[in-house]
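Hi everyone, thanks for making room for me today. Let me put the structure up so that we can walk through it together.

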Amino acid sequence: MATIGLIAGGGRFPLLFAESARRAGHRVVAVAHRNETDPALAERVDALTWVKLGQVGHLVEALKAGGATQSVMLGAITKRRFFADAMLDATGLRVLARVAIRSDDNLLRALARFLEEEGVPITDPTPFLADRLAPDGVLGRHRPSDEELADARYGLELARGIGKLDLGQTVVVKDRVALAVEALEGTDACIRRGGELAKSGGFVVAKAVKPGQDRRFDLPAVGPDTVEAIRAAGGRVLAVEAGATLVMDLERMIQAADKAKIVVLGVTP
């Protein structure tokens, strides 16, 4: 079995990946980001090194020292943190200098090219996470109305549209009107902003894969926290792209959605 390098951001997915990969017999050597990655990851991997955002040289050294022959990148990095406390080392500066337009995808692809040159190429993590992709159809007890289903399909179309511009993956919609579009602030803040505009509640949150998305990184993800953000903001439906959206703790997410009377829906494009 292989030794896999895990470049870990925040949230649950690095932990879930580590559990799945080790259950399949692989070694997992992780690099975690300070102030982002869950410290519980240490209990689920064979080796763990902490870095600050931008310490690319330290990251590569840790992967090589652990014997990784391939790597995956999972978990969120708060975009605001790049402007707050990133610590670019000499290697990080060289990688950044390769990028003219510093969008999410361009930065990630530059890092991926560099890691491939260093012998630890980033690979698609979904073969390890196939059982965690959203299925098609209604996932809980509550079903959408015809109006909500129309909003869900429209929202997913819009989400794919903003994905072409490399902005985000999430849109908040009500009555076929886009209330909020995800950008720098992230999914939960986008949901809150949509809720502030939809005073009567009942809106739809749609999340989709960017067209041409490189599946090695930045796949859309939802979980119990997403449902809680929708509940708190007064939303009614969470619609995700089936077969492509990663779901954290599906059972817990559905239980929370059922309790809050929120519809969770997987939609095939």
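Strand 1, helix 1 (residues 13-23) and strand 2 together form a right-handed β-α-β unit. Do keep in mind that what you see is a predicted model.

Let's stay with the two strands of that unit. Strand 2 covers residues 27-33, and it runs parallel to strand 1, with 6 bridges joining the two. If you want one pair to find on screen, take I7, whose bridge partner in strand 2 is V31.

Strand 1 also pairs with strand 4 (residues 70-74), again in the parallel sense, this time over 5 bridges. Here you can look for I4, which has Q70 as its bridge partner in strand 4.

So, is strand 1 buried or exposed? Of its 6 residues, 3-8, 6 are buried, so the strand is largely enclosed by the rest of the structure. The side chains are fun to follow: T3, G5 and I7 point one way, I4, L6 and A8 point the other way, and all of them are buried.

Now let's move along the chain to a pair of helices. Helix 8 spans residues 224-233 and helix 9 spans residues 250-260; they pack with their axes 8 Å apart, at an angle of about 15°. Angles under 35 degrees count as roughly parallel, and therefore helix 8 and helix 9 are roughly parallel to each other. The crossing of helix 8 past helix 9 is right-handed.

Which residues meet there? From helix 8 we have P224, V227 and R231, and they meet R252, M253, A256, A257 and A260 of helix 9.

Thanks for listening, and I'm happy to rotate the view for anyone.

Terms used:
Residues are numbered from 1 along each chain as its sequence is written. This is a predicted model: local features need pLDDT of at least 70, side-chain atom pairs count only at pLDDT 80 or more; totals for chains, interfaces and linings use all residues. Side-chain values use heavy atoms; hydrogens and water are left out. Buried means under 20% relative accessible area, exposed over 50%, partly exposed in between (1.4 Å probe, protein chains only). Helices (H or I, at least four residues) and strands (E, at least two) are DSSP runs, numbered from the N terminus. Two strands pair if DSSP finds at least two bridges between them. A crossover is right-handed if, with the strands pointing away from the viewer, the path from the first strand over the helix to the second runs clockwise. Axes are lines fitted to C-alpha atoms, for helices over the stretch in contact, and angles run from 0 to 180 degrees between N-to-C directions. Angles under 35 degrees count as roughly parallel, over 145 as roughly antiparallel, 65 to 115 as roughly perpendicular and the rest as oblique. A crossing is left-handed if the near helix is turned anticlockwise from the far one by less than a right angle, and right-handed if clockwise. Contact means heavy atoms within 4.5 Å.
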